[in-house]
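Biologist: Could you walk me through one part of this model up close, and then show me what else is worth a look around it? Plain language is fine.

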Amino acid sequence: MTDCNTKNETALSSASSDSNVQVEAAKNRCKSVRDRIKMLPLSKINDSCKQTLIKLVDSELRFLSRLSLTPDFSGPISSNVGYIESVVYILQHPFVNGVSRVCKHVPLPSPHGKKCQPCSDSVHVDIVCTFDSSPVWFIVSDRNPKYISWLDTHRNKGLRRRVEKVLRAAWTTLALKPLSIVLFFSNGLNEVVAQKLRDEFGALDFEIKFSLDFNSYLEVDGDWVYVDARDKPSVFQINVEYTEKRVLTSDVACVDPFTASANLDLCEEQWGLLSIDAFCSLISTMRPALMDVAAAKPESMLGENLINFDTTALVALVSGISNGCAEKLLLATENEMRRSFKNNSEFVMAQVKSEIEYPIIETLRSVISGKRGIICESVHSEFKELISMYGGPREKSRSDQLLKRLLITPNNPSERLISLPTSRKIAMKNKIIFGTGDNWRAPTLTANMGFVRAILQTGMSLLTLEHRPCALIGD
């Protein structure tokens with residue numbers, strides 16, 4: 001009996017010792033993240049936000065100190081230090097700036113127009129800031145992925161309900177309205193739940209934009225020291241404008257607009273027009289063409305961040321190949337491809353394989369985001385003609401959406417480009433298109449590298465951005 005008691009006491013002592021080690025490790029992490037908060041520059045985050053984070057860390061330290069003083073404590077540690085580390089990790093990202101609030105509630109408007117109390121009907125937003133010059137809300141989770149469910153359970157509220165609530169807040173707020181919501185899961189996310197985010201909310205994987213190793217090392221007093229970097233987080237971006245439009249266009253009045261839109265009995269063509277996809281997300285990142293075309297002149301736009309599209313760029317953006325049809329075409333037989341595209345089947349198949357390896361929409365996201373797009377009248381008329389002749393219903397729908405985001409300018413090529421001798425390689429049509437972009441001080445996005453090379457051979461410098469060619473397929 002004595003031996004049994006001795007063994008139990010030894011086991012309890014060992015468990016208590018392990019717990020104390022964990023508590024001390026968590027306390028050291030708190031002290032480390034506190035130092036990192038203090039080092040955040042005021043040009044990025046104001047002092048009020050820094051104090052909010054420091055208060056959270058101090059509260060966590062007090063909790064851990066109480067645990068360490070508890071006799072025979074042997075239970076698991078439920079600490080928030082990982083969550084605080086994740087928030088600070090995001091704040092250290094070089095693209096994150098203009099942080100206006102951290103770890104605060106955004107109240108939802110009541111049906112009577114009054115603001116709700118923070119704890120009654122509001123949504124917790126971890127970071128309100130700009131990311132790559134666009135207003136963004138970050139929602140951060142440090143939970144174990146196996147405890148994150150899509151729908152509500154008897155223990156937890158589901159992720160779907162949380163996302164719905166955040167989006168409703170984003171739609172209805174004015175001063176803090178974000179362009180997108182970024183969901184940051186520092187410990188990863190179950191792939192089944194991740195796919196639900198993509199399918200129901202049009203969420204895009206954001207890891208490629210959100211560098212995972214930018215703060216592995218930090219300069220401290222002239223030396224580079226290692227700091228904590230999160231291990232393989234899952235990051236998703238949801239576009240606020242297009243989720244709102246999806247609900248508004250559903251024409252279904254019910255309490256839960258997401259359930260309504262998910263249950264709509266839409267034909268395939270209607271769903272193609274209403275769905276939230278990479279194309280919609282991409283063009284929503286462009287600055288809208290709100291200017292008076294008659295009043296807009298190149299000399300008045302020198303401070304604008306412009307990009308000039310030629311016809312090849314517009315076609316690539318709306319093509320079915322770059323908008324979800326590539327994998328279906330890859331599975332088509334050789335006879336099916338020849339029947340659909342005749343002598344161009346090999347050309348189309350080459351574009352399909354290239355698209356699967358390097359998706360055009362995602363490749364062009366960093367090029368187009370935040371810019372105001374322009375096209376000259378020649379490109380506008382040529383593109384409209386191509387779409388009417390070869391575009392399918394979805395390609396036509398995407399072209400309508402794209403043209404609404406662009407400023408259509410008169411043909412107005414720069415003198416230096418129009419003065420070049422016209423030849424087979426330097427055609428007048430291209431001199432007008434590229435010359436108009438040159439006159440507006442805007443780089444031209446193009447797949448016409450033959451013309452670009454011909455210009456370079458004349459010794460003239462010309463601002464251009466290259467993209468891969470992509471054809472209309474009647475999608």
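Let's start with a pair of helices: does α12 pass α13 in a left-handed or a right-handed crossing?

Modeller: Right-handed: that is how α12 passes α13. Do keep in mind that this is a predicted model. As a bit of background, a pair of packed helices is described by the distance between the axes and the angle between them. Here the axes of α12 (residues 334-341) and α13 (residues 345-357) come within 9 Å, and they cross at roughly 110 degrees. An angle from 65 to 115 degrees counts as roughly perpendicular, so that is the label for α12 against α13. If you want to see who touches whom, colour Met 337, Arg 338 and Phe 341 on the α12 side. What they meet in α13 is Ser 345, Val 348 and Met 349.

Now for the sheets, beginning with one that is parallel throughout. Five strands make up this open sheet, in the order β11-β10-β9-β12-β13, and the pairing is parallel. At its edges stand β11 (407-409) and β13 (464-466); each has a single partner strand, so one side of each lacks a neighbour in the sheet. Going from one strand to the next, the twist averages 35 degrees.

Take β9 (306-309) as your way in, with helix α10 (residues 311-318) lying across β9, β10 (372-376) and β12. Relative to β9, α10 runs at about 90 degrees. In a regular strand, side chains alternate between the two faces of the sheet. You can follow that along β9: Leu 306 and Asn 308 point one way, Ile 307 and Phe 309 point the other way, and all are buried. On the β10 side, three bridges join β9 to β10, and the two strands run parallel. On the β12 side, two bridges join β9 to β12, again running parallel. Asn 308 is a handy residue to click on: it stands opposite Ile 374 in β10 and opposite Thr 444 in β12. Carry on outwards and β12 (residues 444-446) pairs with β13 in the parallel sense over three bridges. Thr 446, for one, stands opposite Glu 466 in β13.

The other sheet to look at is a mixed one. Its six strands form an open sheet in the order β1-β2-β3-β4-β8-β5. The edge strands are β1 (96-107) and β5 (204-205), and each of them pairs on one side only. Strands of a sheet pair through backbone hydrogen bonds, in either a parallel or an antiparallel sense, and β4 is a good place to see both.

On one side, β3 (residues 134-141) runs parallel to β4, and six bridges join the two. Ser 141, for instance, has Phe 185 of β4 as its bridge partner. On the other side, β4 (residues 180-185) is joined by six bridges to β8 (residues 234-239), and these two run antiparallel. There, Ser 180 is partnered with Asn 239 of β8. As for how covered β4 is, six of its six residues are buried, so the strand is largely enclosed by the rest of the structure. That goes for both faces: Ser 180, Val 182 and Phe 184 are buried on one side, and Ile 181, Leu 183 and Phe 185 on the other.

Last stop, the aromatic rings. The structure holds seven aromatic pairs. One of them is Phe 131 with Phe 138: the ring centres are 6.0 Å apart and the planes sit at 65 degrees, so this pair is edge-to-face. Under 20% relative accessible area means buried, so Phe 131 at 4% qualifies, and so does Phe 138 at 0%. The rings of Phe 434 and Phe 451 pair as well: their centres are 4.6 Å apart and their planes at 40 degrees, so that pair is tilted. This pair links distant parts of the chain, with Phe 434 in α18 (residues 428-439) and Phe 451 in α19 (residues 449-457), 17 residues apart. Phe 434 is buried at 1% relative accessibility, and Phe 451 is buried at 1% too. To finish, go back to Phe 131 and Phe 138, which ring pairs link with Phe 95 and Phe 206 into a cluster.

Methods
Residues numbered from 1 in each chain as written. Predicted model: local features only at pLDDT ≥ 70, side-chain atom pairs only at ≥ 80, totals over all residues. Heavy atoms only, no water. Pairing = 2+ DSSP bridges. Helix = DSSP H or I, 4+ residues; strand = E, 2+ residues; numbered from the N terminus. Phe/Tyr/Trp six-rings, centres within 6.5 Å; stacked < 30°, edge-to-face > 60°. Buried < 20%, exposed > 50% of the residue type's maximum accessible area, 1.4 Å probe, protein only. Axes fitted to C-alpha atoms, helices over the stretch in contact; angles between N-to-C directions. Parallel < 35°, antiparallel > 145°, perpendicular 65-115°, else oblique. Left-handed = near helix turned anticlockwise from the far one by under 90°. Contact = heavy atoms within 4.5 Å.
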